[in-house]
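Biologist: Mind if I quiz you on the wording you use for this one? I'd like to hear the reasoning behind each label.

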Amino acid sequence: MTAAPLLSLTDAATATATAVLAPGRAPARARIQAVPRHRATVSLRCHRARPLTAAAAAGDSPSSAAFHGECFVVGDNIDTDQIIPAEHLTLVPSKPDEYRKLGSFAFVGLPSAAYPIPFVAPGEESSRYAVIIGGANFGCGSSREHAPVALGAAGARAVVAEGYARIFFRNSVATGEVYPLELADSGASKECKTGDVVTVDLDNSVLINHTSGKQYKLKPIGDAGPVIEAGGIFAYARKAGMIASKSA
């Protein structure tokens, strides 16, 4: 697969967003917007080397409406440099080996003193954690598209946070790598612990912590959900017939 310039994303994203999300239908944070123009030429067309759901990977469920597994918990203001440091941005997600390598570096920028358990174990390319639970302003900092890609490449399927930096939310939807789900209830990032077994139920908009027995209401993902499920904005546009398929 050939990497395409990021500049080509803007027009396709704008057209797709206009057709997919009518004003007022979805939560404000779920309205897809065109990704801004950048100098970098990183392709958002990533190589998917994993099933759509963590549950499916484990053979537990054929549905993509729920993700089940262990969670990795972080605090407030997790920035994109902590998610994937700048020195790894030369990796090209459209190349399978570099996509896997990108996943191995996910969250490597977190301070080990505060996070002694690594998201990806040393020597591994993927993480044992299917769900990331965070606090406020998750994904702040630079607008690097590699951030949600790195998390998805590592095997995460959903981020559940109290709030997001807008660009991280948009990039998550545009790439289709992870579901950026927002908590309607506060407290999950402080009450949940890394390693707790959780289920993210998209249909019922709830996070269930099976270890503690607590549940947390989520804000509906809205019409951004089908775009992520399709594999990102380009895949959704092809599926909906908005742009020509690759075989055309």
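Modeller: Go ahead, and bear in mind that this is a predicted model. To start with the empty space, the count comes to two cavities of 30 Å³ or more.

Biologist: What makes the second largest one a cavity, and what volume does it have?

Modeller: About 30 Å³ of space lies in it. The term is used because a 1.4 Å probe fits at such points but cannot get out. The residues lining the second largest cavity are L181, L202, S205, L218, K219, P220 and I221.

Biologist: How do you know which class each lining residue of that cavity belongs to?

Modeller: Leu, Ile and Pro count as nonpolar and Lys as charged, while Ser falls among the others, which are polar. The lining therefore splits into five nonpolar, one polar and one charged residues.

Biologist: Now the largest nonpolar core. Which of its residues touch the most other members?

Modeller: Of its 59 residues, those are F107, F119, F138, L151 and L207. Take F138: leaving aside neighbours within four places in sequence, its contacts include V74, I78, F107, L151, V159 and F168. As a general point, nonpolar side chains in soluble globular proteins tend to be buried together.

Biologist: Why is helix 5 called largely enclosed?

Modeller: Buried means under 20% relative accessible area. Eight of the eight residues of helix 5, residues 146–153, are buried, so the helix is largely enclosed by the rest of the structure. Those buried residues pack against helix 3, helix 4, strand 2, strand 3 and helix 6. Right behind helix 5 comes G155, with a positive phi near 110°.

Biologist: And what makes helix 6 "mostly covered"?

Modeller: Nine of its ten residues are buried, R170 and N171 among them. The buried residues of helix 6 pack against helix 3, helix 5, strand 4, helix 8 and helix 9. Just after helix 6, G176 has a positive phi of about 70°.

Biologist: How do you know that both faces of strand 3 are covered?

Modeller: A158 and V160 sit on one side, V159 and A161 on the other, and all of them are buried. In a regular strand the side chains alternate between the two faces of the sheet.

Biologist: What lets you say strand 2 and strand 3 pair?

Modeller: The cut-off is at least two bridges, and these strands have four, in the parallel sense. V131 stands opposite A158 there.

Biologist: What about strand 5, strand 6 and strand 7: in which sense do they pair?

Modeller: Strand 5 and strand 6 run antiparallel and are joined by four bridges, with T199 partnered by I208. Strand 6 and strand 7 are also antiparallel, over three bridges, and V206 stands opposite K217. Both counts satisfy the rule of at least two bridges. In the hairpin of strand 5 and strand 6, with four residues between the strands, S205 takes a positive phi near 50°. In the hairpin of strand 6 and strand 7, which has five residues in between, G213 has a positive phi near 85°.

Biologist: Last one: why does A230 count as partly exposed?

Modeller: Its relative accessibility is 24%. Buried would need under 20% and exposed over 50%, so A230 lands in between. A230 is found in helix 8 and, leaving aside neighbours within four places in sequence, is in contact with A235, Y236 and K239. A230 and G176 are 54 residues apart in sequence but 7.2 Å apart in space, C-alpha to C-alpha.

Methods: Residues are numbered from 1 along each chain as its sequence is written. This is a predicted model: local features need pLDDT of at least 70, side-chain atom pairs count only at pLDDT 80 or more; totals for chains, interfaces and linings use all residues. Side-chain values use heavy atoms; hydrogens and water are left out. On a 1 Å grid over the protein atoms alone, a cavity is a set of points where a 1.4 Å probe fits but cannot get out, and a pocket is an open set with protein on both sides within 12 Å along at least five of seven lines; lining residues have an atom within 4 Å of a point. Grid points are joined across faces, edges and corners, and a volume is the space filled by probe spheres set on the points. A nonpolar core is a set of buried Ala, Val, Leu, Ile, Met, Phe, Trp, Tyr and Cys residues joined through side-chain atoms within 4.5 Å. Buried means under 20% relative accessible area, exposed over 50%, partly exposed in between (1.4 Å probe, protein chains only). Contact means heavy atoms within 4.5 Å.
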